[in-house]
Amino acid sequence: MNVLPLRVKAPAHRAAEFAWVCDVLFGRWLGLPHVVEVHEQAFVSVQAGPGELRWSDAFFSQADARWLQADSLPAVPPPMWPLPDDALRLAIGQDSVPRFHGDGAFEQAPGRVQLPIDITGSVFFMLSRYEEAVAGAPADRHGRFPGAMGVVHRAGLALRPLVDEWVEVLWWALQQVAPGLQRRARTADTWVSCDVDAPYSPGGRSLPLALRQAAGHLVHERSPRRAAQSLLHAAASRVGVTRHDPYDSFDWMMDVNERAGRRITFYFLSVRQPQRIDGGYELGEPALQSLMSRIVQRGHEVGLHGSYRSVDEPALLAREFEDLRAAVARAGGQQARYGARQHYLRWRMADTAAQLDALGFEHDSTLGYPDVAGFRCGTSHTFPLFDLTQQRALAIVERPLVLMEATVLSPTYLGLGDGDAARALMMQLRASCHRFGGTFGLLWHNSNFATPRARRLYEALLQ
């Protein structure tokens with residue numbers, strides 16, 4: 001039986017931030033009612049009946065005076081804490097966990113545990129993407145924070161869901177001080193999505209595009225098969241035959257997901273007079289109306305793929321959302337809730353989350369990196385976003401994007417192709433999510449099923 005509510009006491013640093021991370025940790029994830037109180041001590045105290053758990057208030061106290069400044073970031077590599085218990089090592093699947101924040105002091109006595117890791121500060125640092133908002137944070141040519149520059153990737157820990165590991169440390173410690181506690185049950189799952197960047201192959205529209213596409217397959221991918229496929233589609237489309245379009249995999253994707261008991265979230269670009277960077281299609285096209293009708297009639301989900309410019313123009317994002325809802329209605333859909341993922345995974349830490357929240361989106365799933373594989377937020381569990389600018393919790397929920405297939409397959413990024421190395425990495429990420437009862441968030445584009453091996457790999461990830 002639970003000893004409730006937990007009394008969580010902390011110094012008066014960043015009260016809104018501390019309350020939010022406690023709500024995520026204790027309320028949303030562990031299912032434990034709690035109250036947050038202020039005390040004058042330099043540590044966080046969690047009291048469960050007569051037992052007490054402590055850790056140093058390292059991150060919030062040290063970063064408070066230099067909030068969002070580069071010198072408030074942790075050192076890399078971090079010290080590692082050897083886990084003190086066989087059951088904990090088994091649960092996490094590791095012998096040690098990193099300590100980015102905390103004083104390193106560990107004590108265990110009857111009814112009392114002191115952890116060496118600042119659990120609340122560390123989890124806040126990861127979930128809020130604090131490092132991406134600091135002054136002078138690096139950016140690539142699309143204005144995105146490069147995953148390779150993040151502290152977790154530089155520490156060689158990007159493939160580990162560190163937040164989920166720290167939650168297991170927290171739960172283990174709570175059990176030591178209050179053995180009667182019971183946590184919320186979790187069920188491992190896989191959530192599948194597709195960004196409809198290009199619903200049809202551009203080579204079917206003009207011969208110059210077909211030739212350029214075929215040349216790209218030969219030069220950049222060394223794939224004569226894909227080059228020939230592009231030319232075959234271009235020739236067949238001239239006489240109205242579209243079945244050779246390598247991008248038209250929508251019905252097959254829905255078939256295999258339905259057989260696995262899953263539904264897909266399709267994120268559509270909703271751009272008027274689109275440029276090539278935004279897919280080059282409009283939702284009013286008959287082919288797109290037919291596609292969307294099939295999607296909603298089969299019970300799959302539609303979301304907004306905010307255009308390249310929309311992350312910088314709130315009015316444009318609002319118009320795209322309005323146009324998408326109108327298109328879904330014309331297709332016969334009756335969706336009450338919508339999610340979003342920004343094109344190119346572009347994200348402005350200062351305001352994108354707040355803009356999506358204000359428009360009424362139920363979820364976002366932008367927070368994965370295009371350039372490196374792994375856990376951008378350190379978790380495979382959903383959580384409400386936090387507005388670092390306005391210092392407030394938001395209603396919109398983040399569905400972490402754990403794997404984008406192009407990150408692994410494409411020569412632009414890791415370049416592993418669709419062979420054994422790619423399969424091993426993808427399966428490792430899926431297993432890491434499921435170990436912690438999390439959701440493996442998989443993005444696979446409809447345009448990336450050029451080989452039978454790619455299709456087999458996709459089907460294997462759904463099992």
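This short talk walks through the cores, two of the cavities, several helices and three single residues of one structure.

Good morning, everyone, and before anything else I should say that what you see above is a predicted model, so please keep that in mind throughout.

Let me begin with the nonpolar interior. The largest nonpolar core has 123 residues, and the members that touch the most others are Phe-26, Phe-268 and Tyr-458. Helix 7, which covers residues 162–177, gives the most to this core, with eleven residues. There is also a second, separate core of five residues, and among them are Leu-345, Leu-401, Met-404 and Leu-443.

Phe-268 deserves a closer look, and if we set aside its neighbours within four places in sequence, its contacts include Val-196, Tyr-281, Leu-283, Leu-288 and Leu-291. Further along the chain, Phe-268 is also in contact with Met-292, Ile-295, Val-302 and Leu-324, among others.

Tyr-458, another of those three core residues, belongs to helix 16, residues 452–462, where it is buried together with Ala-454, Leu-457, Ala-460, Leu-461 and Leu-462. Which elements do the buried residues of helix 16 pack against? They pack against two helices, helix 10 (250–259) and helix 15 (420–435), and against strand 9 (189–196), strand 10 (264–268) and strand 17 (439–443).

Helix 10 can be read from its own side as well, where the buried residues are Phe-250, Trp-252, Met-253, Met-254, Val-256 and Asn-257. The cover over these residues includes helix 16 and helix 11 (286–297), along with strand 9 and strand 10. After helix 10 comes Gly-261, which has a positive phi, near 75°.

Now let us move to helix 4, which is mostly covered, since nine of its nine residues are buried. Its buried residues include Ile-119, Thr-120, Gly-121 and Ser-122, and they continue with Val-123, Phe-124, Phe-125, Met-126 and Leu-127. Helix 4 is followed by Arg-129, whose phi is positive too, near 55°.

Arg-129 sits in the loop between helix 4 (119–127) and helix 5 (130–133). Is this arginine buried or exposed? Arg-129 counts as buried because its relative accessibility is 2%, and the cut-off for that word is under 20%. Its side chain reaches the backbone oxygen of Arg-376 at 3.2 Å. Apart from residues within four places in sequence, Arg-129 is in contact with Met-349, Leu-367, Tyr-369, Arg-376 and Cys-377.

Some of those names come back when we turn to the cavities. How many cavities of 30 Å³ or more does the structure hold? There are four of them, and I will describe two.

The largest cavity contains about 120 Å³ of space. Its lining is made of 16 residues, and those nearest its centre are Ser-128, Trp-347, Met-349, Ala-353 and Phe-386. Helix 13 (352–358) and strand 14 (383–387) each supply at least two residues of that lining. By type, the lining of the largest cavity divides into ten nonpolar, two polar and four charged residues.

The second largest cavity has a volume of about 90 Å³, and 15 residues line it, with Val-152, His-153, Tyr-369, Phe-375 and Arg-376 nearest its centre. Helix 6, residues 151–154, gives the most to this lining, with three residues. Here the division is eight nonpolar, four polar and three charged.

Val-152 leads us on to Phe-100, which touches Val-152 and also, among others, Pro-74, Ala-75, Val-151, Leu-162 and Trp-166. Phe-100 lies in the loop between strand 6 (96–98) and strand 7 (107–109), yet it is a buried residue because its relative accessible area is 10%. Between the C-alpha atoms of Phe-100 and Met-292, which are 192 residues apart along the chain, the separation is 46 Å.

I will finish with Arg-309, which is in the loop between strand 11 (301–306) and helix 12 (314–330). With a relative accessible area of 46%, Arg-309 is partly exposed. Its side chain makes a polar contact of 3.1 Å with the side chain of Glu-313, and beyond its neighbours within four places in sequence, Arg-309 is in contact with Leu-316 and Arg-346. Asp-278 is 31 residues away from Arg-309 in sequence, and the C-alpha to C-alpha distance between the two is 9.1 Å.

Note on methods. Residues numbered from 1 in each chain as written. Predicted model: local features only at pLDDT ≥ 70, side-chain atom pairs only at ≥ 80, totals over all residues. Heavy atoms only, no water. Helix = DSSP H or I, 4+ residues; strand = E, 2+ residues; numbered from the N terminus. Buried < 20%, exposed > 50% of the residue type's maximum accessible area, 1.4 Å probe, protein only. Contact = heavy atoms within 4.5 Å. Polar contact = N/O pair within 3.5 Å; in protein donor to acceptor, adjacent residues only side chain to side chain. 1 Å grid on protein atoms, 1.4 Å probe; cavity = no way out; pocket = protein on both sides within 12 Å on 5 of 7 lines; lining within 4 Å. Points joined across faces, edges and corners; volume = space filled by probe spheres on them. Nonpolar A, V, L, I, M, F, W, Y, C, P; charged D, E, K, R; others polar. Core = buried A, V, L, I, M, F, W, Y, C linked by side-chain atoms within 4.5 Å.
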